[in-house]
Every structure is written in C-alpha cells, then in structure tokens.
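Subject: Structure handover

Hi,

Here is the structure I promised to pass on. My notes follow below it.

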Amino acid sequence: MDCERKKDIRNKEFNEQVMNDIFTSFGHKYDEIIDQSMYINMIDLMKYTVLTGKQDKQLEHLKDHIGGESIGEKRIYFFHGDPNTAYVFYKDKGNNNTVIHLKREENDWIVLDEQVKKGKKIQYIREKCEDDYFMKRMFHNLYPE
C-alpha cells in the first residue's frame, strides 16, 4: 500500500476517534448519531463553491463557524434531515470538546448555544513512510547533489 493511501486511512480513523470522543463527552453514542444525521466539513463547503462557481452567503457563514484550528476536522452535523438547524462539533488544541448549536436565519447562521467539555487526548500516529520521506528530504537539503 502506498504512503498516501496509508495516510488517508490513518486520517479517517483519527477523525472518527476524535468525533467518537466528542459525542461521548456530551453523552451521545457516536454509532447511533451517525445513523440519524449527515455531516459536512470545510472541504465539502469548498467543493460546493467550486461546483457552483459562486459564493453563497449561507455557506460562507458556515465556513466562518468551522474555520480555525482544531484537533481533527471540524464537522457540521444536520440531524433528522432538518436543514435549518446545525451543530458544529470539534476538539480544540487543549483537547476540549465543543458543540455549537446554529440556527439558519435569512442571510446568516446564528449561534443559539455553545457547550465545552473536557475531552481525551487522541493519539495521532505518523506513518513510517512519512518519517522516511522527511528523513530523505532533510538529507537532500543538507547534502544537495
């Protein structure tokens, strides 16, 4: 298996572990939640903008809520097919789990509630191929041909 594929699998598993910890800290079972919901992330929002060739105010406001640093990806969940209510879930750099409850207004998404709970540190394991690539690159920078 090539390095990119290994990294993709690792990243997906890592993001799932992060989300599981977030949902658990708020008293939910992640496996049950994912059956009743759909989520989007920043990449999904950017793809939509590219596909439509225009910026949508609603989506731009959602981007504002999922921009910034986090451990793992920030996700916007919609439950039971309700497009007017959204929840942003993420783990901050201090391993705190956050959920932000949003409601769609005419031209914006407004914050109804924000909750933060202490989360667990999720171990991020680098693939050996990443370390090999880094070492080769460092060697070539020190000893150019």
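The chain exposes about 9900 Å². Carbon and sulfur atoms supply 52% of that area. Please keep in mind that this is a predicted model. Of the 145 residues, 32% are buried.

The fold first. The chain has 5 helices and 5 strands. Along the sequence they run α-α-β-α-α-β-β-β-β-α. Take the contacts between residues at least 6 apart in sequence: 51% of them join residues at least 24 apart.

Next, the hairpin. Strands β4 (residues 96–104) and β5 (residues 109–118) pair in the antiparallel sense, over 9 bridges. The connection between β4 and β5 is a hairpin of 4 residues. For a landmark, look at asparagine 96, which stands opposite lysine 118 in β5.

Helix α4 deserves a longer look. It spans residues 57–66, and its buried residues are Gln58, Leu59, Leu62, Lys63, His65 and Ile66. Seen down the axis of α4, these fall within an arc of 160 degrees, so they line one face of the helix. Lys57 and Asp64, on the other side of α4, are exposed. What covers the buried residues? The cover includes α3 (42–52), β2, β3 (85–91), β4 and β5.

Both ends of α4 have something to show. Aspartate 56 caps the N-terminal end, with a side-chain oxygen 2.9 Å from the backbone nitrogen of glutamine 58. Just after the helix, glycine 68 takes a positive phi of about 95 degrees.

Now the charged pairs. A search of the whole structure gives 5 salt bridges. Here are some notes on them.

- Glutamate 4 and lysine 7: the closest N and O atoms are 3.1 Å apart. Both residues lie in helix α1 (residues 3–25), 3 residues apart, about one turn of the helix. Glutamate 4 is partly exposed, at 47% relative accessibility.
- Lysine 91 and aspartate 21: their side chains meet at 2.5 Å, N to O. Lysine 91 is in strand β3 and aspartate 21 in helix α1, so the pair ties together parts that are 70 residues apart in sequence. Lysine 91 and aspartate 21 are both buried.
- Glutamate 60 and lysine 63: this salt bridge is 3.1 Å, N to O. The two residues are 3 apart in helix α4, about one helical turn. Glutamate 60 is partly exposed, with a relative accessible area of 22%. Lysine 63 counts as buried, because its relative accessibility is 14% and the cut-off for buried is under 20%.
- Glu16, Glu73 and Arg75: salt bridges that share partners join these residues into one network.

That network leads to glutamate 73, in strand β2 (residues 71–79). Which side chains does glutamate 73 reach by polar contact? One is asparagine 41, at 2.9 Å. Another is arginine 75, at 2.6 Å. Leaving aside neighbours within four places in sequence, glutamate 73 is in contact with Asn15, Met19, Tyr39, Asn41 and Phe89.

If you open only a few views, I would pick these. Start with α4 down its axis, for the buried face. Then go to lysine 91 and aspartate 21, the buried salt bridge between β3 and α1. Finish at glutamate 73 with its contacts, Asn41 and Phe89 among them.

Best wishes

Note on methods: Residues are numbered from 1 along each chain as its sequence is written. This is a predicted model: local features need pLDDT of at least 70, side-chain atom pairs count only at pLDDT 80 or more; totals for chains, interfaces and linings use all residues. Side-chain values use heavy atoms; hydrogens and water are left out. Buried means under 20% relative accessible area, exposed over 50%, partly exposed in between (1.4 Å probe, protein chains only). Contact means heavy atoms within 4.5 Å. Accessible areas come from the Shrake-Rupley method with a 1.4 Å probe; for residues, only the protein chains shown count as cover. Two strands pair if DSSP finds at least two bridges between them. A polar contact is a pair of N or O atoms within 3.5 Å; within protein, one must be able to donate a hydrogen and the other to accept it, and residues adjacent in sequence count only if both atoms are side-chain atoms. The arc is that of the directions from the helix axis to the C-beta atoms. A salt bridge is a side-chain nitrogen of Lys or Arg within 4 Å of a carboxyl oxygen of Asp or Glu.
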